[in-house]
Amino acid sequence: MTFDSFVYDALPMRVVFGAGGIGQLPEEVRRLTLRRVLVLSTPEQRDLAERAWDLLGDSAVGIFDRARMHVPTDTVAAAEESAKELGADGCVAIGGGSTIGLGKALALRQGLPILAVPTTYAGSEMTPIWGITDNARKQTGRNRSVLPRTVVYDPDLTRSLPAGISATSGLNALAHAVEALYAPDVSPVIAAMAEQGVRDLAAALPAIGKNPADPAARAAALQGAWLCGACLGATTMGLHHKLCHVLGGKLDLPHAETHSVILPHVAAFNLPAAPRARAALARALPDDDPVAALNSLTHRIGAPHRLSALRVRESDLPAVVDEVLADPYANPRPVGRAELERLLAEAL
Ligand SMILES: NC(=O)c1ccc[n+]([C@@H]2O[C@H](COP(=O)([O-])OP(=O)(O)OC[C@H]3O[C@@H](n4cnc5c(N)ncnc54)[C@H](O)[C@@H]3O)[C@@H](O)[C@H]2O)c1
């Protein structure tokens, strides 16, 4: 696979991967010369935050366990206050994209370095993209200062992720790789990572569906999620991410489920215009036809495959189409109103 031209802007980050990796937290915090970290989590993952706190001993000054979906501005303000009061010099964000998103907001506003311990496949830990929601409006941006300094991937921590969430979260990760493969800024490094990420996840997700505690499948899925997240961080996403962002924001849809429904539809639309991406996906997926493989994977792992299952109604769609068309974005195939309406009607 050769590329005529490309720019590859490597994102500096230390990745520590392996079962039992949470045990390395104290050493990794020391490496960053942090002495007073604040541990962040959702209320549901408080136990895990306490485990990290126990391991960190004197290097942790507290736990803030109120991370929430979409990083609401009042949550950020409360976490900022907590960090200031405790004199925190960094954060350990342990959880999914919502918790890591809160860590990024603290990095953006207070310059606190983050160590991330992801427990889903969303991939936020690999990107310089932040998001904060104020009055139902999500503001997003790219800033290198929010990139975690260190990421500890411990597959054991994902064994508690229910099979249904594992399926949709895994498809969310896969979507990053699919769009990276036809991104305008794809490079040989990213294309190789994307292809391997798709291969890892496509093999692991059905095995996790059968046995969510399968250690080998959990390790493969998390490795795939890392690779796919790195692709998201390094390239410009296209129609799929644009559609999911608008659908999620306008209709308040669940993040990973929306990605699961939309992915096969956008792939069917875009891949005829992206032969190199199509060839990479055909190598990585267990079918020469990547769209058939994605559809079959979605069904096998029991992920939602219709927008109607997420309670979207036909009358919701025109406003979504208007918003997607209002702002230009990168895509291998031009998308007009008629194509977009057809794609969404099929997804419904
Ligand atoms: N900035 C970025 O680059 C980026 C990338 C991907 C996603 N995101 C953002 O991340 C958010 C979605 O993240 P998510 O899909 O990881 O969900 P999430 O972080 O909202 O987690 C969903 C729920 O699952 C729980 N959970 C997480 N890991 C678990 C585990 N191992 N076992 C049991 N429960 C667990 C969480 O505590 C939470 O209650 C969205 O807001 C999205 O916009 C941002």
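**Exercise 1. Determine which domains contribute to the shell around the ligand.**

Solution. Domain 1 (21-153) and domain 2 (163-347) each give at least three residues to this shell. The domain bounds come from an automatic or database domain assignment. The model is predicted: local features need pLDDT of at least 70, side-chain atom pairs count only at pLDDT 80 or more, and totals for chains, interfaces and linings use all residues. Numbering starts from 1 along each chain as its sequence is written.

Next, count. The ligand is surrounded by 27 residues (C-beta atom, placed from the backbone, within 6 Å of the molecule). Among the closest are Gly-96, Ser-98 and Thr-120.

Then assign elements. α4 (97-110), β6 (129-134) and α9 (255-270) each supply at least two shell residues. α4 gives the most, with four. Helices (H or I, at least four residues) and strands (E, at least two) are DSSP runs, numbered from the N terminus.

Finally, sort by chemistry. The shell holds seven nonpolar, 19 polar and one charged residue. Here Ala, Val, Leu, Ile, Met, Phe, Trp, Tyr, Cys and Pro count as nonpolar, Asp, Glu, Lys and Arg as charged, and the others, Gly among them, as polar.

**Exercise 2. Place Val-335 and classify it as buried or exposed.**

Solution. Val-335 sits in the loop between α12 (317-326) and α13 (337-347). Val-335 has 20 C-beta neighbours inside 10 Å, so it is buried. The cut-offs: buried at 20 or more other C-beta atoms within 10 Å, exposed at 12 or fewer, partly exposed in between, with C-beta atoms placed from the backbone. For scale, buried residues make up 50% of the 348 in the chain.

Now look along the sequence. Asn-270 is 65 residues from Val-335, yet their C-alpha atoms are 9.5 Å apart.
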